[in-house]
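Biologist: I am new to this structure and would like a close look at one part of it, with the rest brought in as it connects. Please explain each term as you come to it.

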Amino acid sequence: MKITNDIVITKAKNLRFDLVGFSKVEVLNEESDHLMEWLENGYQAGMQYMERNQERRRDIRNVFAEAKSIISLGMNYYTPFNHNESDDEGKISRYAWGKDYHIIITNKLKILEKELAEIDSGFRSISYVDTGPVMDKAWAVRAGLGWIGKHTNVINPSIGSWFFIANIITNYEFSYSEMITDHCGRCTACIDACPTNAIADEYQVDANKCISYLTIENKGEIPDSFKKRFEGWIFGCDICQDVCPWNIKFSVECRIEEFKPSGGKTGIGLREINEMDAETFKARFSESPLKRAKLSGLKRNSSFLKD
């Protein structure tokens with residue numbers, strides 16, 4: 001039996017993916033050139049891994065030789081909770097309020113790929129969730145999930161930008177989706193709102209100044225020049241998405257309970273982090289995105305906010 005677009009969409013929606021699109025495998029010349037420009041500007045900060053595997057990013061067939069199509073999937077994670085504006089509590093980015101999305105989405109991808117292979121044993125695939133040398137946003141755009149906003153997140157006209165992206169690379173051919181044109185227009189809300197001026201230019205984020213990078217990926221100390229400019233963020237930052245008109249108007253509550261904050265808690269006490277030991281941290285955050293920053297990183301961030 002042949003696998004059709006409708007079959008994939010139905011099965012993906014049953015697994016609670018909100019967006020599904022299809023794109024033909026092609027060399028990402030334009031997108032790769034933009035990435036190289038970003039790297040040449042030094043905007044990757046300490047993320048040296050972004051400098052590697054450029055040929056794999058440019059041509060996905062260097063990752064999966066049989067690749068003919070990409071199935072791009074989006075999973076909404078928006079929940080209608082707000083941060084507690086307190087000097088004693090650090091704000092956590094919305095995507096990290098619940099269980100680590102890598103765990104949730106990877107498990108769903110395994111189910112989806114297995115179900116498709118059961119329909120046609122000739123279906124072969126490999127999948128990624130924000131991992132590996134794959135330009136996930138570029139493929140999402142080509143598959144019609146949305147357009148790249150000036151804050152560099154993908155914006156969908158129906159649900160905004162609060163969604164995770166996953167890609168299935170397959171040897172199968174499908175009918176391909178139409179791309180969505182850029183609808184940011186003259187809006188500069190995200191650029192104007194960034195307290196550290198991290199959006200260096202439209203569609204260009206300088207990680208050296210980005211609160212998300214500085215509180216998560218950054219392994220060193222946070223420069224003193226950013227004192228009093230973090231607006232209470234201890235892990236990540238959502239400001240550029242919070243002010244986006246597409247999110248303000250079109251955000252809808254997600255269907256995944258594990259993405260919702262336990263007990264409605266959207267931050268963490270600075271004193272609590274400062275007094276936390278490694279064993280407690282491991283037990284509490286073993287399935288949380290916060291583990292990426294490690295306890296030492298959260299303690300650094302907490303001290304930076306308090307000083």
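Modeller: Two residues are in contact when they have heavy atoms within 4.5 Å of each other, and the helices and strands I name are DSSP runs numbered from the N terminus, a helix being a run of H or I of at least four residues and a strand a run of E of at least two. The model is predicted, with local features needing a pLDDT of at least 70 and side-chain atom pairs counting only at pLDDT 80 or more, while totals for chains, interfaces and linings use all residues. Residues are numbered from 1 along each chain as its sequence is written, and side-chain values use heavy atoms, with hydrogens and water left out.

The part I have chosen is helix H1, residues 5-14. A residue is called buried if its relative accessible area is under 20%, exposed if it is over 50%, and partly exposed in between, using a 1.4 Å probe and protein chains only. In H1 the buried residues are Asn 5, Ile 7, Val 8 and Ala 12. Looking down the axis of H1, these buried residues fall within an arc of 165°, so they line one face of the helix; the arc is that of the directions from the helix axis to the C-beta atoms. On the face turned away from this buried side, H1 carries the exposed residues Asp 6 and Asn 14. After H1 comes Arg 16, which has a positive phi, near 75°.

The buried residues of H1 pack against strands S1 and S2 and against helix H4 (101-119). Of these partners, strand S1 covers residues 19-24, and five of its six residues are buried, so S1 is largely enclosed by the rest of the structure. S1 pairs with strand S2 (residues 69-76) in the antiparallel sense, over six bridges, where pairing requires that DSSP find at least two bridges between the strands. Within this pairing, Val 20 stands opposite Leu 73 in S2.

From S1 the path leads to a charged contact. A salt bridge is a side-chain nitrogen of Lys or Arg within 4 Å of a carboxyl oxygen of Asp or Glu, and the structure holds 20 of them. In one of them the side chains of Arg 142 and Glu 26 meet, with 2.9 Å from N to O. Arg 142 lies in helix H5 (residues 136-142) and Glu 26 in the loop between S1 and helix H2 (29-40), so this salt bridge ties together parts that are 116 residues apart in sequence. Arg 142 is buried at a relative accessible area of 18%, whereas Glu 26, at 37%, is partly exposed. Both belong to a network of salt bridges that also links Glu 31. Another salt bridge joins Arg 58 and Asp 33, at 3.7 Å from N to O; Arg 58 is in helix H3 (residues 54-58) and Asp 33 in H2, so the pair ties together parts that are 25 residues apart in sequence. Asp 33 is partly exposed, with a relative accessible area of 45%.

Helices H2 and H5 bring us to the nonpolar interior. A nonpolar core is a set of buried Ala, Val, Leu, Ile, Met, Phe, Trp, Tyr and Cys residues joined through side-chain atoms within 4.5 Å. The largest such core has 37 residues, of which Trp 38, Ile 60, Ile 169, Tyr 213 and Phe 230 touch the most other members. H2, H5, helix H7 (211-217) and helix H8 (239-242) are the elements that give two or more residues to this core. A second, separate core of 30 residues includes Phe 22, Phe 164, Ala 166 and Cys 254.

Returning to helix H4, the loop between strand S3 (89-92) and H4 contains Ser 93. Ser 93 is buried, at 3% relative accessibility, and it touches Trp 233, Phe 235, Gly 236, Cys 237 and Asp 238, not counting residues up to four places away in sequence. One of these contacts, Cys 237, holds the cysteine sulfur closest to that of Cys 194, but the two sulfurs are 6.7 Å apart, too far for a bond, since a disulfide is a pair of cysteine sulfur atoms within 2.5 Å. Cys 194 is itself buried, with a relative accessible area of 14%. By this rule the count of disulfides is zero.
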